[in-house]
Amino acid sequence: MYIFCCKNNVFRVKSSMKDTIQNLRGFPDFSIEEGNQIGFILSKLLKIGKSFGFNFIVPPILEPIELFQRGLGDTDIVNKEMFIFPYKERKVCLRPETTASVVKYCINNNVHRGKFMYFSQNFRKERPQKGRYRQFNQFGFEIIGIPSPFREIETFFFINQFFKSLGLNYILKINSIGSIKTRTAYVNDLEKYFKTALEKDENALCQDSKNRLERKSILRILDSKALEDKQTILEAPKILSYLEKDSAEIFKEVVDFLQKQSIPFEVEETLVRGLDYYNDIVFEIKCDRYNAAQDSLGGGGAYDSLFETLGSPKTNAFGMALGVDRLILNEWPMESCALDAYVVLAEPYFDILSEVLSSKKYRVIDYFVNIPKALEKAIKNKINFLIIIGDEISTGHIIVKNLEKKDQQKVKIGTFKDL
Ligand code: HAM
């Protein structure tokens, strides 16, 4: 084995390739750069979340399948995409999303008002491609028991603050799918419309959409990206004209808020989302820098009947999730918080080492026990600072060598962490 490269302060070691184990398809390892980007994005999200008063929640990854069968309904995720395993005479699955798990937590802990955020790994058997994986990472939050329009305003304000902090242009696509009553009336009309369209022209819909019509998965047809379906969907009845007074009022309040705050949005009347638990306002976050397969950076909406579906008293709820793996398809300028340094510890003064590690100015990349070796590596790896804990200890000092400027500074022990 020998070292052949150092990037991002990580040494890669060449080894025999004979017995290496490859990743499963759709279960990627991210590169070191991507991992750092995920950490960077997450730290921003958690900071905003904390300032908005969200609690951090960590639900289990393995869940009973009924949670999603009941919660998400007759959807592709449930019908085709879950990883299901037998476990102690029952069936369990890797969670395909986190909202239902958060609701289960709330129900089991009698929480009917509160705000929760999470960073979660989710699993769906989708066809893997760049930005679409079988294990993927979401940052999300759920606002429980807080009425409209507070929850919508908070969500859209959060999203805007986050994207602005990254300097990334995005567009919010929003729609309202109304109450269950509205949707029932709408779905009936939509079904009639699609059937009539097919009677007039048997190619008005693609085979997938015809199957959906057959299975009465009518709303999903509006999600179709097939070219044959485009015109038929464009001319289909629009749900906004079916909204009841309350739903229409909330939609107007939210749209007014977005306009007044100059938050970039478009009303997209065919937006229905791929999960059955939604009602009223639904949305997706898109970014034109990404290609169509991964252009949805996040989405969410209201799900005021999910608590009831999962056996609890009615509790209104609203939330969203961002696809963190998609966000890192862009490179973000990461704020560097500290200067990279090597420590040379000529004698085992470990308590002084703890002072060096507390410094905000320097971050310790590696350790050495003699100066020539540290110097050689620092030059090779473009590390500009050596922090030397050696002879000057006798006079109460640590030496910081700046290799670029070719000078050095004596720092009094006890003051290092305040540099
Ligand atoms: P979703 O639209 O299924 O919603 O997922 C949210 C985001 O997760 C997507 O917009 C996308 O960025 C990312 N995502 C989804 N599938 C994959 C994948 N296979 N690979 C990479 N990224 C992916 C939900 O999951 C809802 N639970 C959101 C929500 C929270 N609704 C209310 N509260």
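Let's start with helix H4: the cover over its buried residues includes strand E4 (62-64), helix H2 (65-72), E7, strand E8 (135-144) and helix H11 (306-309). Keep in mind that you're looking at a predicted model. So which residues of H4 (residues 99-108) are buried? They are Thr99, Ala100, Ser101, Val102, Val103 and Cys106. Just after H4 you'll come to Asn110, where the chain takes a positive phi of about 55°.

Now hop over to E7, one of the elements covering H4's buried residues. This strand runs over residues 114-123, and Asn122 is part of it. Is Asn122 buried or exposed? Its relative accessibility is 0%, so Asn122 counts as buried. Who does Asn122 touch, once you ignore neighbours within four places in sequence? One group of contacts is Arg95, Pro96, Glu97 and Thr98, and another is Arg134, Gln135, Phe136 and Gln138. With Gln138 there's a bit extra to look at: the side chains of Asn122 and Gln138 are joined by a polar contact of 3.4 Å.

Time to zoom out to the nonpolar cores. In soluble globular proteins, nonpolar side chains tend to be buried together. Here, the largest nonpolar core has 46 residues, and the ones touching the most other members are Phe68, Leu72, Leu190, Phe194 and Leu222. Some elements you've already met, H2, H4, E7 and H11, each give two or more residues to this core, and so do helix H3 (76-81), helix H6 (180-200), helix H8 (218-221) and strand E13 (317-323). The top contributor is H6, with six residues.

Pick out Phe194 for a closer look. Not counting residues up to four places away in sequence, Phe194 touches Leu205, Leu213, Ile218, Ile221, Leu222 and Thr232. There's also a second, separate core, this one of 42 residues, with Phe40, Phe158, Phe257 and Cys287 among them.

Last stop: Gly396, in the loop between strand E16 (385-389) and strand E17 (397-402). Buried or not quite? Buried means under 20% relative accessible area, and Gly396 has 19% relative accessibility, so this glycine counts as buried. Leaving aside neighbours within four places in sequence, Gly396 is in contact with Val411, Lys412 and Ile413. To get a feel for distances, find Asn79 as well: Gly396 and Asn79 are 317 residues apart in sequence, and from C-alpha to C-alpha they are 69 Å apart in space.

Methods. Residues are numbered from 1 along each chain as its sequence is written. This is a predicted model: local features need pLDDT of at least 70, side-chain atom pairs count only at pLDDT 80 or more; totals for chains, interfaces and linings use all residues. Side-chain values use heavy atoms; hydrogens and water are left out. Helices (H or I, at least four residues) and strands (E, at least two) are DSSP runs, numbered from the N terminus. Buried means under 20% relative accessible area, exposed over 50%, partly exposed in between (1.4 Å probe, protein chains only). A polar contact is a pair of N or O atoms within 3.5 Å; within protein, one must be able to donate a hydrogen and the other to accept it, and residues adjacent in sequence count only if both atoms are side-chain atoms. Contact means heavy atoms within 4.5 Å. A nonpolar core is a set of buried Ala, Val, Leu, Ile, Met, Phe, Trp, Tyr and Cys residues joined through side-chain atoms within 4.5 Å.
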